[in-house]
Amino acid sequence: MKSFLGKRAIASAISLVGLVILVFFLSRLTGDPTDLYLPVDASQEARDNFRRIHGLDQPLMVQFFQYVGDLLRFDFGESIRRSEPAIDAVLRGFTWTLQLAAITMALVTAMAILIGSLAAFHVGGFFDRLATFFSLVGASAPDFWIAIVAIVIFSVNLGWVPTSGTGGWEFWILPVAVLFIRPFGLILQVVRGSMISTLSSAYVKTARAKGLRNRPIIFVHALRNAMLPVITVIGDQAAALLNGAVVVESIFGFPGVGKLMIDSILQRDFSVILAAIMVTAFAIFLMNLLIDILYAVLDPRIRY
Amino acid sequence: MAVSETPPASEAQSIPKPPPAWLSILRMLYRDKFALCAAIFLIVVVFCAVFGPMLLGEAATDQNLRGRNTPPFDFSQHWTMWLGGDALGRPLLARIIVAAQNTMMIAAGAVLASLIIGTTLGLVAGYTGKAASQVIMRLADVIMSFPSLLLAVIVLYMLEPAVGNLIIVLAITRIPIYLRTSRAEVLEVRERMFVQAAQVMGASTFRIVFRHILPVVAPTLITIATLDFAFVMLAESSLSFLGIGIQPPEITWGLMVSQGRSYLTSAWWLSFWPGLAIILTTLSLNLLSNWMRTALDPVQRWRLEISRKKK
């Protein structure tokens, strides 16, 4: 287990370094932020001053090594736009995204497992067909379109929930509902498929022959074994949500890390982009680790 | 058809007079009504994509300021206006048909490019030595750990957001999917008897990989590609929706949804119809890919063939 953890950490560290190098140079290729932040008629002196303050007057390689040096002291640089440490802005946004992702994934997992298992138990039945069709529709729907249609219906016409912003619990309903749809569709299909093959295995037949009732067979015997492939997909989907549900966050004016990243790219706020990417990459690394550990818990045959 | 070269098919040939592969596939398709509808819808979309701009290119850009935001379902008007008019009085239906070309072209280009590059790299990584495989897999890890939408945003912000660049960006973000799948499959297939037989007979590595292993791996990859086509379409729509994809006057469905967003409360149809076009297309692709997963898999195909005998 320990050597496995070490290997995983090294592999992730290598990809993180690659990522940082890539993003550092790519983002700086998008142009000089000076023109964005200073008025058009700013004097040459003011421009030079701005560049010097933010370290943009140095050659690119010098900037890079300076950044890496700061990074080793856990200094992620200053945000140009907000004049605060980049990591503060990112952690604030990430907290929002984490809550959003956690609520959504908890709902998705519970619903998908419940409905998927029931659908698998009556393969080809009416409930199964209905669930399959709706999961397909859900997996095919563009989230931005669902989001704006939902706003028109539930906020503008019916006035049930606020259109955008943050505040009480009612502000969470639409973003969670929109984010729910696609992962739900995908995970439901995997649960169903995996459940179907598990339910046809010999030990389920044994349980049935013993005269057990259906519910304990599905949810106690079969579910645990059917969960392995499901967990992989749950991990992928959760990673996608952690990466920032960019579109949904920007439609609902949700101050998460995805919106922060997009804004920072458009505003050329380089240190925020990099900090955001490192924080989410680290979170995803932790989550993948958790999933690997879950594998071993669910299936004692798996040893690392 | 690549399928006919797989080993299980050779057993089937001992059965007297098997029908041609394409005919039995068509028959299977006809039996699954969902998949049939999906296939027909996709053919219509492809037809629109190929001929739409030629036939309706004029009508789609024809402004009529008196007909701004014309509501849909007014059947007294010309048929291109049946779904309503947009903010400049241009007929929505015609615009959706014309926009199919860019939407399809970007998705198809990205899927083809990532399929070819990803599969080739995956075959190499799976069949050849460790060093090359390690480098390729680490590269894939870097791409996988990166939020693909953001990579696209950065690159598109740097380059011109033209059709070609959009294809390149989307292709890069999808390569790891094919790479990992084909590598995983090759690792399993290369241990099989027929590969060893080919090696013993002195076939070159190139021949073994492309003539013996690829046909076995192909059905899985094609199924994934169908599914991925839907994903790429959604990704392109999201990019265009965020304003960093295709730029006007070029149009795609995603861009149309975003253009209609400012009229959301007064003219819902501007965003609704193009969004519906996206949903129907991706839904069809998903249905078709579901069907293909069974139809192209020699182990599972009986499920589709059995049901014919029941009826």
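Visitor: Where is A:Arg268 placed?

Guide: A:Arg268 sits in the loop between helix H12 (257-266) and helix H13 (270-298) of chain A. Helices here are DSSP runs of H or I with at least four residues, strands are E runs of at least two, and both are numbered from the N terminus.

Visitor: And what am I looking at overall?

Guide: This is a predicted model, in which local features need pLDDT of at least 70 and side-chain atom pairs count only at pLDDT 80 or more, while totals for chains, interfaces and linings use all residues. Residues are numbered from 1 along each chain as its sequence is written, chains are lettered from A and ligands numbered from 1 in the order in which they are written, and side-chain values use heavy atoms, leaving out hydrogens and water.

Visitor: Back to A:Arg268. What is its phi?

Guide: Phi of A:Arg268 is near 55 degrees, a positive value in a residue other than glycine. Most residues other than glycine have a negative phi.

Visitor: Is A:Arg268 buried or exposed?

Guide: A:Arg268 is buried, at a relative accessible area of 15%. Buried means under 20%, exposed over 50% and partly exposed in between, with a 1.4 Å probe and protein chains only.

Visitor: New topic. How many salt bridges are there over all chains?

Guide: The whole structure has five. The rule asks for a side-chain nitrogen of Lys or Arg within 4 Å of a carboxyl oxygen of Asp or Glu.

Visitor: Which residue does B:Arg174 pair with?

Guide: B:Arg174 pairs with B:Asp228, and their closest N and O atoms are 2.7 Å apart. This pair links distant parts of the chain, as B:Arg174 is in helix H7 (residues 163-189) of chain B and B:Asp228 is in helix H9 of chain B, 54 residues apart. B:Arg174 is buried at 11%, and B:Asp228 is buried at 4%.

Visitor: What about A:Lys259 and A:Asp263, how far apart are they in helix H12 of chain A?

Guide: They are four residues apart in that helix, so about one helical turn separates A:Lys259 from A:Asp263. Their side chains form a salt bridge at 3.4 Å, N to O. A:Lys259 is partly exposed at 24%, and A:Asp263 is partly exposed at 24%.

Visitor: How many salt bridges run between chain B and chain A?

Guide: Zero. The interface of chain B and chain A does have four residue pairs in polar contact, both residues at pLDDT 80 or more. That term means N or O atoms within 3.5 Å; within protein one must be able to donate a hydrogen and the other to accept it, and residues adjacent in sequence count only if both atoms are side-chain atoms.

Visitor: Which element of chain B gives the largest share of the side that touches chain A?

Guide: H11(B), with 11 residues. By class, that side of chain B has 24 nonpolar, 10 polar and three charged residues. Nonpolar covers Ala, Val, Leu, Ile, Met, Phe, Trp, Tyr, Cys and Pro, charged covers Asp, Glu, Lys and Arg, and polar covers the others, Gly among them.

Visitor: How many residues does each chain bring to the contact?

Guide: Chain B brings 37 residues and chain A brings 36, contact being heavy atoms within 4.5 Å.

Visitor: Last one. How many disulfides are there over all chains?

Guide: Zero, where a disulfide is a pair of cysteine sulfur atoms within 2.5 Å. The sulfur of B:Cys48 is 17 Å from the closest cysteine sulfur, in B:Cys37, which is too far for a bond.
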